[in-house]
Amino acid sequence: MKKIILLLALSCLMVQGIFAQCPESPCLFSPDKWINRVRVCSFMDENKLKCKVSENAVVGRKVNFEFTSELISPTSYIDFGDGQGPTLITGFSKIIDYQSTGTKTISVVKTFPEHKVATANLEIKDPIKPYKKPDAIWHIVTPNTYYPTDAGAKSSFFSSALNQQGVMNSTKGEGRAYVRFGKGHNNKIVRPIIYVDGIDFNTASEIVHDATIGGTETSIDNIVRYGSTGWDVFSTGIEPTEPIPGETEPFRMYPQHFDEMYDQSYDVIFLDFKEGATYMQKNAEVLIELLKQINGTSSQSGQFPNRKKVAADGILYENIVVGASMGGQVAKYALAKMEYEERTQNG
């Protein structure tokens with residue numbers, strides 16, 4: 001799902017002349033109104049005009065474009081690719097309600113020192129299914145910090161940006177678990193199926209909040225996505241990046257799949273890591289903590305709905321863990337470690 005609001009960090013261009021930056025602060029996710037925020041940034045000197053947009057695709061046809069101060073001038077026009085032609089930019093934002101989906105070419109037009117045009121593309125997509133907010137959001141934090149034993153030796157191979165994000169530091173693992181309780185379970189975990197997120201290189205600062213349940217840009221509550229993939233992506237089924245031509249978007253089947261799991265009385269739980277590209281062992285600790293909380297064996301379990309140990313049919317259902325790509329490796333490591341600790345500690 002090219003996300004409801006895809007937050008892509010943009011490299012900022014610094015050359016001679018004016019410097020403009022697409023801010024990296026979080027966007028507000030409003031699935032009730034489907035108004036997306038897309039920042040338009042440009043760089044211009046005597047010879048160059050470059051256009052950048054903060055998203056390469058959005059879900060929903062209504063887009064609130066925001067502009068850098070450089071674009072607010074009597075000589076700046078933007079054609080939003082909506083068939084209405086160039087529009088003079090007189091304020092810091094403008095809402096465009098597209099009448100169709102597809103690739104829209106955003107053109108920045110400067111009338112001086114001579115007519116110049118720079119373009120960028122924005123994909124407008126409809127959701128596969130309407131957004132469904134989760135029944136619960138659990139903030140998962142590991143009880144202990146994780147410090148990689150090879151951090152000193154390997155740190156030189158990591159970029160300064162990753163080091164600044166704390167990947168190499170001794171920190172606690174963190175993530176969000178999004179829960180849709182199974183049919184008839186009355187907000188209790190009965191038959192859990194846990195989906196573990198794959199690798200995600202977007203930083204933890206690129207978070208998306210669900211405005212329908214009180215999420216704001218200044219709050220860590222009600223986050224529905226860290227980085228590029230999250231609950232909003234899986235709920236609506238739109239690929240968070242433009243698909244490879246000729247290939248099926250892999251996320252488009254998730255909404256139907258989640259609905260089928262719900263109808264079969266599975267409690268669907270999606271685990272989204274705050275640091276999607278940190279050490280897999282560290283994220284495995286997050287999964288372990290989630291499983292302990294589901295099982296009622298964690299010291300933090302009191303803040304979550306207790307698991308109903310036996311279903312109405314008299315069966316005690318086991319946890320099912322599903323992980324694709326890195327999520328599969330994280331899951332295998334986590335389960336192996338839990339089994340090892342159980343065997344060594346309890347014989």
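A residue is called buried when its relative accessible area is under 20%, exposed when over 50%, and partly exposed in between (1.4 Å probe, protein chains only). Keep that in mind as we walk through this predicted model, where local features need pLDDT of at least 70, side-chain atom pairs count only at pLDDT 80 or more, and totals for chains, interfaces and linings use all residues. Residues are numbered from 1 along each chain as its sequence is written, and side-chain values use heavy atoms, leaving out hydrogens and water.

**The whole chain**

Start with a cartoon view. You will find six helices and 18 strands; these are DSSP runs numbered from the N terminus, with at least four residues for a helix (H or I) and at least two for a strand (E). Of the 347 residues, 48% are buried.

**The sheet**

Now select strands E4, E10, E9, E6 and E7. In the order E4-E10-E9-E6-E7 they form an open sheet of five strands with mixed pairing, where two strands pair if DSSP finds at least two bridges between them. E4 (57-59) and E7 (87-88) are at the edges with a single partner strand each, so one side of each has no neighbour in the sheet. Zoom in on E9 (residues 102-110) and E10: they run antiparallel, joined by nine bridges. Ser 107, for example, has Thr 119 in E10 as its bridge partner.

**Glu 123**

Stay in E10 (residues 116-125) and pick Glu 123. Which side chain of opposite charge is nearest to this buried residue? Lys 125, 5.6 Å away, and Glu 123 has no salt bridge. A salt bridge needs a side-chain nitrogen of Lys or Arg within 4 Å of a carboxyl oxygen of Asp or Glu.

**Salt bridges**

The whole structure holds 11 salt bridges. Show Asp 126 and Arg 61, whose closest N and O atoms are 2.7 Å apart. Asp 126 sits in the loop between E10 and strand E11 (136-146), Arg 61 in the loop between E4 and strand E5 (62-67), 65 residues apart.

Next, select Asp 259, which counts as buried because its relative accessibility is 15%. Its salt bridge with Arg 180 spans 3.2 Å, N to O. Since Arg 180 lies in strand E12 (residues 171-180) and Asp 259 in helix H4, the pair ties together parts 79 residues apart in sequence. Asp 259 also forms a salt bridge with Lys 129, with closest N and O atoms 2.6 Å apart. Finally, add Lys 132 to your selection: Lys 129, Lys 132, Arg 180 and Asp 259 are linked in a network of salt bridges.

Methods. Lys and Arg count as positive and Asp and Glu as negative; His and the chain ends are not counted.
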